[in-house]
Amino acid sequence: MCGRFNLRNPKDIVERFGFMDWSDKRPEPRFNIAPSQEILTIVQLPLEGTAVQTAIWGLKPSGMSRSLINVRAESLGTSAVVRGARRCLIPATGFYEWRNRQPMHIHRKDDQPFAFAGLWLPGHVATAAILTVKPNEVMATIHNRMPAILRQDDEERWLDPNSDPRTLLEPIEADELGAYPVKPLVNSWANEGSELIAPAEPAPQQLELLQ
């Protein structure tokens, strides 16, 4: 699953998704994006084309009392809960997952931005969720699921509602990702800043008692 992510270096985001007009929705650097907060999404609007819009992280299907921050990719086409949801891209530069209560920061090794495959629902306020897939070799050491990170060539295909999602939702290659432990600051949604992605200091070595 994915319960926190970050979106830093606004200039890199704008350049990476250069097919978009960012004049109205300039990204802000954020290091601890949490569920129920506002996120940036890239969507395909009927009769309007591709656009940047904000949404609340937590898909809210009609009749459900709780929001979905993640949706299993395997449920597409079979789950009535997400039937009618539309596809979106969710820009990011990294995400966090916990291994035995130790927060880990996962990012592209080249530190470039990427896009999660997402779903969104219109409403008075749009809501969105991140799709998850089985883990690659890196993520399998941390968690039994991982967010669906789209390959750059597949992003516009993902937005096309006529494309087959099964050909696009595969775990990203493990050699493209890096992971390292960070401090538990990320555990609180109230914490922000670049220190959240700083590597955790190694535990001090235990000193041997002199005889």
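The exercises below, each with a worked solution, concern a predicted model.

**Exercise 1. Cysteines**

Determine how many disulfides the structure holds, and explain why Cys2 and Cys88 are or are not bonded.

Solution.
- Step 1. Take the sulfur of Cys2: the closest cysteine sulfur belongs to Cys88 and lies 13 Å away.
- Step 2. Start instead from Cys88: its closest cysteine sulfur is that of Cys2, again at 13 Å.
- Step 3. Apply the cut-off: a disulfide requires the two sulfur atoms to be within 2.5 Å. The sulfurs of Cys2 and Cys88 are therefore too far apart for a bond.
- Step 4. The structure holds 0 disulfides.
- Step 5. As to solvent, Cys2 is buried at a relative accessible area of 0%, and Cys88 is buried with a value of 0%.

**Exercise 2. The sheet containing S1 and S2**

Give the strand order of the open sheet of 5 strands, and state which strands stand at its edges.

Solution.
- Step 1. The order is S2-S1-S7-S8-S13, and the pairing is antiparallel.
- Step 2. The edge positions are taken by S2 (30-33) and S13 (177-181). Each has a single partner strand, so one side of each lacks a neighbour in the sheet.
- Step 3. On average, neighbouring strands of this sheet are turned by 25° against each other, direction ignored.
- Step 4. For the pair at the S2 edge, S1 (residues 4-7) meets S2 in the antiparallel sense over 2 bridges. Leu7 has Arg30 of S2 as its bridge partner.

**Exercise 3. Strand S6**

Find which strands pair with S6 and over how many bridges, and state how many of the residues of S6 are buried.

Solution.
- Step 1. S3 (residues 38-45) pairs with S6 in the antiparallel sense over 2 bridges. Here Ile42 is bridged to Leu89 of S6.
- Step 2. S9 (residues 114-121) also pairs with S6 in the antiparallel sense, over 7 bridges. In this pairing Arg86 has Trp120 of S9 as its bridge partner.
- Step 3. S6 (residues 86-92) is mostly covered, with 6 of its 7 residues buried.

**Exercise 4. Arg145**

Locate Arg145, decide whether it is buried or exposed, and identify which backbone oxygen its side chain reaches.

Solution.
- Step 1. Arg145 is in the loop between helix H2 (137-140) and strand S11 (146-147).
- Step 2. Its relative accessible area is 9%. Buried means under 20%, so Arg145 is buried.
- Step 3. The side chain of Arg145 reaches the backbone oxygen of Thr132 at 2.8 Å.
- Step 4. Beyond its neighbours within four places in sequence, Arg145 is in contact with several residues, among them Met1, Arg72, Glu74 and Met139.

**Exercise 5. Salt bridges**

State how many salt bridges the structure has, then describe the pairs formed by Arg8, Lys11 and Asp110.

Solution.
- Step 1. The whole structure has 9 salt bridges.
- Step 2. Arg8 pairs with Asp111, with the closest N and O atoms 3.0 Å apart. Arg8 lies in the loop between S1 and helix H1 (10-16), Asp111 in the loop between S8 (102-108) and S9, and the two are 103 residues apart. Arg8 is buried at 6%, whereas Asp111 is partly exposed at 34%.
- Step 3. Lys11 meets Glu15 at 2.7 Å, N to O. The two are 4 residues apart in helix H1, which means a separation of about one helical turn. Lys11 is exposed at 60%, and Glu15 is exposed at 53%.
- Step 4. Asp110 meets Arg108 at 3.0 Å, N to O. Asp110 is partly exposed at 41%, while Arg108 is buried at 18%. Shared partners join Arg108, Asp110 and Glu176 into one network of salt bridges.

Conventions:
Residues are numbered from 1 along each chain as its sequence is written. This is a predicted model: local features need pLDDT of at least 70, side-chain atom pairs count only at pLDDT 80 or more; totals for chains, interfaces and linings use all residues. Side-chain values use heavy atoms; hydrogens and water are left out. Buried means under 20% relative accessible area, exposed over 50%, partly exposed in between (1.4 Å probe, protein chains only). Two strands pair if DSSP finds at least two bridges between them. Axes are lines fitted to C-alpha atoms, for helices over the stretch in contact, and angles run from 0 to 180 degrees between N-to-C directions. A polar contact is a pair of N or O atoms within 3.5 Å; within protein, one must be able to donate a hydrogen and the other to accept it, and residues adjacent in sequence count only if both atoms are side-chain atoms. Contact means heavy atoms within 4.5 Å. A salt bridge is a side-chain nitrogen of Lys or Arg within 4 Å of a carboxyl oxygen of Asp or Glu.
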